[in-house]
Amino acid sequence: MKNLKIIGLFILAVAGLSSCEDDDNLIYTAQTPSENVAFTSTFLNEYVLTD
């Protein structure tokens with residue numbers, strides 16, 4: 001019974017470690033904001049929610 005628990009834990013650890021992906025190849029680029037962009041917020045009296 002003790003050996004079964006150890007083997008099960010080992011299999012779970014191997015499965016957990018092998019499921020990780022290598023995401024180091026991602027490239028993020030920042031864009032310069034244009035001068036004509038402005039944040040506008042409008043508040044309405046009623047909002048219609050759809051399914």
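## Val 14

Val 14 is partly exposed in this predicted model. Its relative accessible area is 41%. That value falls between the 20% limit for buried and the 50% limit for exposed, which explains why the residue counts as partly exposed. Val 14 sits in helix α1, residues 2–18.

## A nonpolar surface patch

Val 14 also belongs to a nonpolar patch on the surface. Its partners there are Ile 7, Phe 10 and Ile 11. Together the four residues have about 410 Å² of accessible area.

An α-helix has 3.6 residues a turn, so residues three or four places apart point the same way.

## Helix α1

The chain has one helix and zero strands. Helix α1 has 17 residues, and at 1.5 Å a residue they should span 24 Å. The end C-alpha atoms are 24 Å apart, which agrees.

None of the 17 residues of α1 is buried, so the helix lies largely in the open.

## The whole chain

The chain has 51 residues, and 0% of them count as buried. Its accessible surface comes to about 6100 Å². Carbon and sulfur atoms account for 60% of that surface.

Methods:
Residues numbered from 1 in each chain as written. Predicted model: local features only at pLDDT ≥ 70, side-chain atom pairs only at ≥ 80, totals over all residues. Heavy atoms only, no water. Patch = residues over 30% accessible without salt bridge, like charges linked within 9 Å, V, L, I, M, F, W, Y side chains within 5 Å. Areas by Shrake-Rupley, 256 points an atom, 1.4 Å probe, with all protein chains shown as cover. Salt bridge = Lys/Arg side-chain N within 4 Å of Asp/Glu carboxyl O. Helix = DSSP H or I, 4+ residues; strand = E, 2+ residues; numbered from the N terminus. Buried < 20%, exposed > 50% of the residue type's maximum accessible area, 1.4 Å probe, protein only. Expected span 1.5 Å × (residues − 1).
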